[in-house]
Amino acid sequence: MAYQRLDHLIMKIQAIVLAAGMGTRMKSYLPKVLHRVCGQSLVERTIRALKESGVAKTTVVVGSGREQVELELSRIGIGGVDTAVQESQNGTGDAAKSALPNLTEETAVILPGDIPLLSADVLKTAIASIKTEVPLLFVSFKAENPKGFGRVIRDNNGSVVAICEEKDCNDEQRKIDEVNAGIYFCSKSFLEESLSSLNTDNAQGEYYLTDIVSYACEKGLAVEAICVEPAIALQGANSRKDLSALEIVRRSQIAEMLMDNGVTLEDPSQTYVDEGVKVGKDSWLGAGTRLKGSTILADNVVVEGNSIIENCTIGSGSHIKISSSLEDSEVGENTAIGPCAHLRPGSKIGNNCKVGNFVETKKSVLHDGVKAGHLSYLGDAEIFPEANIGAGTITCNYDGTNKHKTQIGKKAFIGSNTCLVAPVEVGDKAYIGAGSTITKKVPDRALGLGRSRQTNKEGWNKD
Ligand code: UD1
Ligand code: CA
């Protein structure tokens, strides 16, 4: 049978991502491809690299933890991705076979879903080298520690003859440091034919996808292995140790990108910034800072150490003091948060505000210039500009069944240790006496007092 040349087909390429394995070595309830590196699941990283390299169509083979993987694929929401199901996990060859009914393009790239640092650049390098008349090309790399990888077996002329899995290697073969990255480019017709020839006659009793290489060689067809650098970009994550080693590498790459873009990192090795987080120029990140999800920091933002900021936007000139926790919230410009403040989801803090130590906010809007300096809980509240919230102010927003709103007018002054029993309103420029429990509306400019009068018993202490 004559196979079409790969270089003629490369414009129409479909990826098959193998993501059905159990990931036994992870010792996890979570499918391996859902483990994360710098906040992004392994399968998301793979799909993004493919998309960026120009591959328009991707089939993900799912099996173990299928529902969870499918949920993740819909969350990622990248177009041109469909799934094929591998009913039982009989090896990488069997997984690839499960995707054949989905293969509509004439050329396929088959790859595992567990290479976290795989970049579009590496894929493009491989794609660019597809120029010779071969039905099969795969990516190899020189591994510092080849343990666990399939070894690339070459004959005396240096031509590839097979890939031999670690468990099937003899002592001599085990010394080979050129290993299989698990990324194969081939024509659809070759894939169909070679996959139907696989058997389970090997140490693991599985259908090895790697055997398509010896199949081609035995048929006298040239197979090319292109050895790609850097090795780290091709390293699979099979265990927690692999995952943490790769996380450290990616974290330091992200730190370098931030520094290249004008961000100061107090200690890059202790700054944890997720993939995709944006940080503006002249911002400063203290040791222990964690920036997660879709967080965006504008220019000149200071984040003191041990703060965690997830899915938040922070305006320029704002200062997040030590050990604060911010989640799904917005902070305006020149605002100070913390130390030890807690912005829970739905908090919207304006410009020139102060949310001080041990202040917790939830689903609350603090308009420009609002100050809540100490020890407060502000939930389901709207606080208008320049109101001052005294220490220990609590919005009693929950009656045991429902949540209720609190409204505080502009330039209102709430005395310390006030309970605002919601639903309740405090007018503009109104005052609340310290220690009050406020259950009724306080009109504009009024003084609200809700506490018992002080009485003194003279001479009460007989000492
Ligand atoms: C595989 C290769 C090895 C290569 C290495 C590169 C084989 C037999 N071995 O080994 O030569 O050096 O990758 O990283 O291919 N999967 C399924 N269904 C299965 C089994 C696996 O979908 O039945 C998926 C896994 O989810 C994973 C990928 O295939 O994403 C690779 O499987 P894995 O078990 O990690 O293979 P390795 O032992 O790393
Ligand atoms: Ca692997």
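1. Let's start with the pairing of helix 2 and helix 3. On the helix 2 side, the residues in contact are Val43, Glu44, Ile47 and Arg48, and they meet Glu72, Leu73, Arg75 and Ile76 of helix 3. Sorted by class, this contact holds four nonpolar and four charged residues, with no polar ones. Please keep in mind throughout that this is a predicted model.

2. Now for the geometry of that pair. Helix 3 covers residues 66-76, and its axis comes within 10 Å of the axis of helix 2, the two crossing at roughly 45°. That angle makes helix 2 oblique to helix 3. As for handedness, helix 2 passes helix 3 in a right-handed crossing.

3. Helix 2 has a further partner to look at. Spanning residues 42-52, helix 2 packs against helix 5 (residues 120-128) at an angle of about 50°, and the axes are 8 Å apart. Helix 2 and helix 5 are therefore oblique to each other. The crossing of helix 2 past helix 5 is right-handed.

4. Which residues bring helix 2 and helix 5 together? Helix 2 supplies Ala49, Leu50 and Glu52, while helix 5 supplies Ala120, Leu123 and Lys124. By class, the contact has four nonpolar residues and two charged ones, and no polar residues.

5. A third packed pair is worth your time: helix 7 (residues 188-196) with helix 8 (residues 211-218). Their axes lie 9 Å apart and the packing angle is about 100°. How are these two helices oriented to each other? With an angle between 65 and 115 degrees counting as roughly perpendicular, helix 7 and helix 8 are therefore roughly perpendicular to each other.

6. On the residue level, helix 7 contributes Phe190, Leu191, Glu193, Ser194 and Leu195 to this contact, and helix 8 contributes Ile212, Tyr215 and Ala216. The class count for helix 7 with helix 8 is six nonpolar, one polar and one charged.

7. Next, the ligand, which you may want to inspect yourself. There are 23 residues around ligand 1, and those that come nearest are Leu18, Gln86, Thr92, Glu165 and Asn180. Thr92 also has a side-chain N or O atom 2.7 Å from an oxygen atom of ligand 1.

8. Two basic side chains deserve a look at the ligand as well. A polar atom in the side chain of Arg25 is 3.1 Å from an oxygen atom of ligand 1. For Lys32, the distance from a side-chain N or O atom to an oxygen atom of ligand 1 is 3.0 Å.

9. If you check backbone geometry, please note the cis peptide bonds. Where is the bond from Glu229 to Pro230 placed? Pro230 sits in the loop between strand 11 (223-227) and helix 9 (240-260), and the bond that leads to Pro230 from Glu229 is cis, with omega near -5°. Ala422 and Pro423 are also joined by a cis peptide bond, with omega of about 0°. Pro423 belongs to the loop between strand 37 (419-421) and strand 38 (424-426).

10. Finally, a word on phi. Asn306 is not a glycine, yet its phi is positive, at about 60°. Asn306 falls in the loop between strand 18 (302-303) and strand 19 (308-310). Phe358, again not a glycine, has a positive phi of about 55°, and its place is the loop between strand 27 (354-357) and strand 28 (360-362).

Conventions: Residues are numbered from 1 along each chain as its sequence is written. Chains are lettered from A and ligands numbered from 1 in the order in which they are written. This is a predicted model: local features need pLDDT of at least 70, side-chain atom pairs count only at pLDDT 80 or more; totals for chains, interfaces and linings use all residues. Side-chain values use heavy atoms; hydrogens and water are left out. Axes are lines fitted to C-alpha atoms, for helices over the stretch in contact, and angles run from 0 to 180 degrees between N-to-C directions. Helices (H or I, at least four residues) and strands (E, at least two) are DSSP runs, numbered from the N terminus. Angles under 35 degrees count as roughly parallel, over 145 as roughly antiparallel, 65 to 115 as roughly perpendicular and the rest as oblique. A crossing is left-handed if the near helix is turned anticlockwise from the far one by less than a right angle, and right-handed if clockwise. Contact means heavy atoms within 4.5 Å. Ala, Val, Leu, Ile, Met, Phe, Trp, Tyr, Cys and Pro count as nonpolar, Asp, Glu, Lys and Arg as charged, and the others, Gly among them, as polar. A residue is near a molecule or strand if one of its heavy atoms lies within 4 Å of it. A polar contact is a pair of N or O atoms within 3.5 Å; within protein, one must be able to donate a hydrogen and the other to accept it, and residues adjacent in sequence count only if both atoms are side-chain atoms.
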